[in-house]
Structure formats: structure tokens, C-alpha cells
Amino acid sequence: MRIFWTFQFVRVISNPCCFYMENRSSLPVIAILANMPLGRLLPEEFQDQDHTLIPWIYALFCDLAHQKRYEIHWITLKKYVKAHTVRQLKSQTIHILPDPSLALGLLSGHFLASKRIRLLLHSLKPALVHAWGIEFPYAKACMNQPYSRLLSYQGALHAYCRESKMPFLAHLQAFWEKRTTPAYQHITCESPWAAECVRKLNPAASIHLIDYGIESEFQEKKRAPSTRPSCLFAGSLNERKGLPFLIEAFKDPSLAHVDLYIAGNGKLRTKLNSGCPPNIHWLGELSRMQLRQQMETAWCLLLPTLADTGPTIVKEARCMELPVITTVNAGSKQYVEDGKSGYILPVKDSEAIRQAVLAVTESLDKSIAMGKYGIEEIKRKLSIQTTSQDFMDVYGSLLDMKEENNTDS
């Protein structure tokens, strides 16, 4: 008996999947590949190494704990693990695979990471694989696999590189995006803007528009606006977010009575901070709680982005009943009705930003009324339960399609 259990232990250590293969349910297996915020999901183990937020993945993972139709295995790559690590959480299995260098992976076509992922998929034998994003190796690893496949589009890197100055790694990611996206027949997008980007790369794809929902805490918070008009920008401080044009707008004396709070870090801070008027306040990186508190007091959110697939901050702001000023290239603009719940502006237009800020901050009553416009429908669309059910429906339709094809053949 001791020899038997020693043998079993060695098998699990050398190939952790064997344990799950022998102790699995009879439910169809869904393998979801994504960059996961393990510091939030498993804080006692990974909080020090992993500070990523990824709110849509975090919220979806938590809600999928309630579904009973599938056995769900998540696969994620992390540089701080040395070997295949397996954890059970919320009725789901998390597989953590080592991947030390994103730059090397991009240069090598994600060769090593793809090999590790494919070996794991071979052990799991999923009915369907769902790859999130093209910024990491997941979509590349699954593009030629014999399973039903679904790609969730996150960042339109080729569009970002076209519209704004981007770092070298982003151009490498855009290179693989152009080669990976056409390999998927079924793709989910969180905005019509993102869908347009996909159609340029893969005109034949079946595109499923799904609102990538937000965490429930942003649905529940209420506004407590400041007595003095104030606007909030939150995000990476880079050129793609349109920050130079926002700063230029607030240098105009007509906005001296409006405070602008800028949350986030980035290379542009030092450059743009020079010569700023006293009504511009640099907050640095905020925690989730601090960000919610800042949003509660703001009169509006400002995001003059040059290109964005579906900025989460816009969704969170709208659910907190904030009016939003953004641009035609913001994926989340579908949650803003121009002139009623905010303003949708041309890109790179400081004068348009200035005028929109003056309009929203004309009075507190106007700001509150704009924030409440269409709010019930916005909250319904951005409920994570709606997102989860939409993905369940897509999974079901793809597996039904696979079953019909197997029957016909």
C-alpha cells in the first residue's frame, strides 16, 4: 500500500494534471486562458508578487463559481512560479504555468509558453478553450488546436500603435495580433469600436458583442459631489490616453474654478507637471478603495483617449452615476449618450474638452442629472451576472454547434 501511494504522489508532482484526470466530474471541461490577478484571488500566497487588478477577469471568475454546467479550468502564466502549480478556488481549478519573459516570448513567437499550454490542454481534453486577449501567449498557443475555440478581444494593439506613440513591445504584440486574430472563427468584443478593429483583421469572424461587466461595489456606491466643481482622470499617464490635450484644456483661465484630479502613474507626469496651474492635482497610484472615494466626489470623469478597446474606468464611472467626457475612439463610449449623460469628442481636441467641462460643471444639478440619465439600463448591461450568462450562452452555442458537426460527420 505504501508503494502504491508513493507512486501516486510522484505522478502528481511530475504531472499534476493526472490527479485531476482521475478525479474529475462528468461535466464538459472549459479551459479559460487569461492573465489572472492572483494577488487578489489568492492573497495569502501571491499578494506580494502580483499587484494586477484586471477587474473584469476577477469579477467573472467570482461569478462563474455559481454555474453548474461546466467543469472550469483556468490557465495563467506567471514569472514568479518555477513549475506547474495547481490551486482549487470557488469550485474552479487554477493552473499557474511559469513564463519568465514576455519580451523573449514575443520575439520567439511564444514558443515555450505555447508548448506548456498545449501539453496541459492535452491532459485536460477540454470541450472548449477560451483565450482572453492577444497581449499574452494564450491566443497564440490555442490558434491551431483541435478544440472548439473562442477568443475574447481585449486590446486593439494595432489600432493603438496607429493612433499613438507606443513602446517597442506593443508593436511586437500588434505584430502577433495581426497573425493570431484571423485564426479564430468566434470572437467576443466588449464594444462596437473593438468589433470594427477585429473586422479589419478578420472579416469572416463571428463576433459576439458582450459587455465585460464590472465589480458589484461600483454598482452600489453613491455619489457625494464636492462643493467645488471637480473632474477626475484615472489611467496610465501616457500619450494614448490623451493626457497632453487634457492638461492643455485646463491651462485655460476659463477652467480655473474647476479642479482636475489625475490618478495614475506614467512617464508623462514629470513632463506635463511643469507649468501646471494650481487647480491640477496629481494623485499618483490609488488603491481600488481610494479610486472609488475619488469617483464619489467628482462631478465628471474625463478620458480623452486616442484609442481604447473598452476602458473599464468609463463603465465604473457610469455605474456610479458620473457623467463622462470621452472621445470617438473610446470603446466604452456606447455607455455615454452625447449631450445627455456626457460628451463624446473628437480626439486631440483641447478646445472641445474645455467646452465640455464647462458644460458639465455649469451646475451641480446638471452634473447629477446627466449622471442619472439611462442609469438603470447601464447598470443592467454592466452587471457581472449579465456578462457571465452571456458567456455561458456562447459556450453552449459553440458546443451545440460542435455536437451537430460531429453528428453530421
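Here are some short exercises on this predicted model, each with a worked solution.

Residues are numbered from 1 along each chain as its sequence is written. In this predicted model, local features need pLDDT of at least 70, side-chain atom pairs count only at pLDDT 80 or more, totals for chains, interfaces and linings use all residues, and side-chain values use heavy atoms, with hydrogens and water left out.

**Exercise 1. In what order do the eight strands of the open mixed sheet run, and which stand at the edges?**

Solution.
- Start with the terms: helices (H or I, at least four residues) and strands (E, at least two) are DSSP runs numbered from the N terminus, and two strands pair if DSSP finds at least two bridges between them.
- Reading across, you get β3-β4-β2-β1-β5-β6-β7-β8, with mixed pairing.
- At the edges stand β3 (85–89) and β8 (206–209); each has a single partner strand, so one side of each lacks a neighbour in the sheet.
- Neighbouring strands here are turned by 20 degrees against each other on average, direction ignored. Axes are lines fitted to C-alpha atoms (for helices, over the stretch in contact), and angles between N-to-C directions run from 0 to 180 degrees.
- Now zoom in on one pair: β6 (residues 148–152) and β7 (residues 186–189) run parallel and are joined by two bridges. Serine 152 has threonine 188 in β7 as its bridge partner.

**Exercise 2. Which strands do helices α7 and α11 lie across?**

Solution.
- Contact here means heavy atoms within 4.5 Å.
- Helix α7 (residues 111–124) lies across β1 (29–33), β2 (71–78), β4 (92–98) and β5 (128–132), at about 165 degrees to β2.
- Helix α11 (residues 192–201) lies across β7 and β8, and runs at about 165 degrees to β8.

**Exercise 3. Sort out the second open sheet, made of six strands.**

Solution.
- The order is β11-β10-β9-β12-β13-β14, with parallel pairing.
- The edge strands, each pairing on one side only, are β11 (280–284) and β14.
- Take β9 and β10 (residues 259–263): they pair in the parallel sense over five bridges. Leucine 232 has tyrosine 261 in β10 as its bridge partner.
- Helix α15 (residues 288–297) packs on this sheet, touching β9, β10 and β11, and its direction makes about 150 degrees with that of β9.

**Exercise 4. Is helix α17 largely enclosed or left open, and why?**

Solution.
- Buried means under 20% relative accessible area, exposed over 50%, and partly exposed in between (1.4 Å probe, protein chains only).
- Eight of the eleven residues of α17 (residues 350–360) are buried, so the helix is largely enclosed by the rest of the structure. Among them are Ile353, Arg354 and Val357.
- The cover includes β9 (230–234), α13 (243–250), β12 (300–303), β13 (324–327), β14 (342–345) and α18 (364–372).

**Exercise 5. How are the rings of phenylalanine 136 and tyrosine 138 arranged, and which other rings gather in a cluster?**

Solution.
- Rings of Phe, Tyr and Trp (its six-membered ring) pair if their centres lie within 6.5 Å; planes under 30 degrees apart count as stacked, over 60 as edge-to-face and the rest as tilted.
- The structure holds nine such aromatic pairs. In the pair of phenylalanine 136 and tyrosine 138, the centres are 6.3 Å apart and the planes at 40 degrees, so this one is tilted.
- Phenylalanine 136 is partly exposed at 29% relative accessibility, whereas tyrosine 138 is buried at 1%.
- As for the cluster, ring pairs link Tyr70, Trp132, Tyr212, Phe391 and Tyr395.
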